[in-house]
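Student: I am new to this structure, and I would like to take a close look at a single part of it, the nonpolar core. Could you take me through that part slowly and connect it to the rest of the chain?

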Amino acid sequence: MEPAEPPPPPVTVLTPAAVAALPFSVELPADVSVTTGRPGPNFTVWTIRRGERSLVMIYAGPVSQFPIYSGQMVEAGGRTSIVAEEEGRRVALEHLFTRTTAPQEIHAWITSVEGEDRLLAERIAQTIDPR
């Protein structure tokens, strides 16, 4: 019998000081939080949530899986973004920042949410910048 994998660590809401210490900045509405994610060898993934609903995922580490969505690749503002047409408007689905210092890549993507949550997720993801 193979040993069971350890359970994932519990999700923890980051304090404002912990958010300020992240390798990126992000503008969060009052009812939105950043939670711990899955760490791995040389990387971490955080989740931006409103309540239990995940809105944006952020990876910081050596090599991300960018792009995960299909769409037009656009380079602007120090990042590479994937933009797609949804319901007659352009939506920035994900962003990749590359850096010369660790973490070499910061990759943010909106999750599979709809309606108001999708608009909110896109707005939040647009505010992410490396520190």
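Tutor: A nonpolar core is a set of buried Ala, Val, Leu, Ile, Met, Phe, Trp, Tyr and Cys residues that are joined through side-chain atoms within 4.5 Å. Buried, in turn, means having under 20% relative accessible area. The model in front of you is a predicted one, and in it the largest nonpolar core has 26 residues, with Val 56 and Ile 58 making the most contacts inside it. At least two residues of this core come from each of strand E4 (43-50), strand E5 (53-61), strand E8 (89-98), strand E9 (105-110) and helix H2 (115-126).

To place these elements, it helps to step back to the whole chain, which has two helices and 10 strands, and whose elements run α-β-β-β-β-β-β-β-β-β-α-β from the N terminus on. The radius of gyration is 15 Å, close to the 14 Å given by the globule rule for 131 residues, so the chain is as compact as a globular protein of that length. Its C-alpha trace spans about 50 × 40 × 35 Å along the principal axes, and 42% of the 131 residues are buried. Among the contacts with a separation of 6 or more, 47% are made by residues 24 or more positions apart.

Returning to the core, we can follow the contacts of Val 56, setting aside residues up to four places away in sequence: Val 56 touches Trp 46, Thr 47 and Ile 48, then Ala 108, Trp 109, Ile 110 and Thr 111, and also Ala 121, Ile 124, Ala 125 and Ile 128. Of these partners, Ala 121, Ile 124 and Ala 125 are among the buried residues of H2, together with Asp 117, Arg 118, Leu 120 and Glu 122. The buried residues of H2 pack against E4, E5, E7, E8 and E9. In an α-helix there are 3.6 residues a turn, so residues three or four places apart point the same way. As for the length of H2, its 12 residues should span 16 Å at 1.5 Å a residue, and its end C-alpha atoms are 17 Å apart, which agrees.

Trp 46, another partner of Val 56, is worth following further, because at a relative accessible area of 11% it counts as buried. A search of the whole structure finds two aromatic pairs. In one of them, Phe 24 and Trp 46 meet edge-to-face, at 5.4 Å centre to centre and with 70 degrees between the planes. Since Phe 24 lies in strand E1 (residues 24-25) and Trp 46 in strand E4, the pair ties together parts that are 22 residues apart in sequence. Phe 24 is buried as well, with a relative accessible area of 0%.

Strand E7 (residues 79-86), one of the elements that H2 packs against, offers a polar example in Ser 81, which counts as buried at 8% relative accessibility. The side chain of Ser 81 makes a polar contact of 2.7 Å with the side chain of His 95. Beyond its neighbours within four places in sequence, Ser 81 is in contact with Gln 72, Met 73, Val 74, Glu 94 and His 95.

For contrast, look last at Glu 52, in the loop between E4 and E5, which counts as exposed at 75% relative accessibility. Glu 52 and Thr 36 are 16 residues apart in sequence, and their C-alpha atoms are 13 Å apart in space.

Methods. Residues are numbered from 1 along each chain as its sequence is written. This is a predicted model: local features need pLDDT of at least 70, side-chain atom pairs count only at pLDDT 80 or more; totals for chains, interfaces and linings use all residues. Side-chain values use heavy atoms; hydrogens and water are left out. Buried means under 20% relative accessible area, exposed over 50%, partly exposed in between (1.4 Å probe, protein chains only). Helices (H or I, at least four residues) and strands (E, at least two) are DSSP runs, numbered from the N terminus. Contact means heavy atoms within 4.5 Å. A polar contact is a pair of N or O atoms within 3.5 Å; within protein, one must be able to donate a hydrogen and the other to accept it, and residues adjacent in sequence count only if both atoms are side-chain atoms. Rings of Phe, Tyr and Trp (its six-membered ring) pair if their centres lie within 6.5 Å; planes under 30 degrees apart count as stacked, over 60 as edge-to-face and the rest as tilted. The expected span of a helix is 1.5 Å times one less than its number of residues. The radius of gyration is taken over C-alpha atoms; the globule rule is 2.2 Å times the number of residues to the power 0.38.
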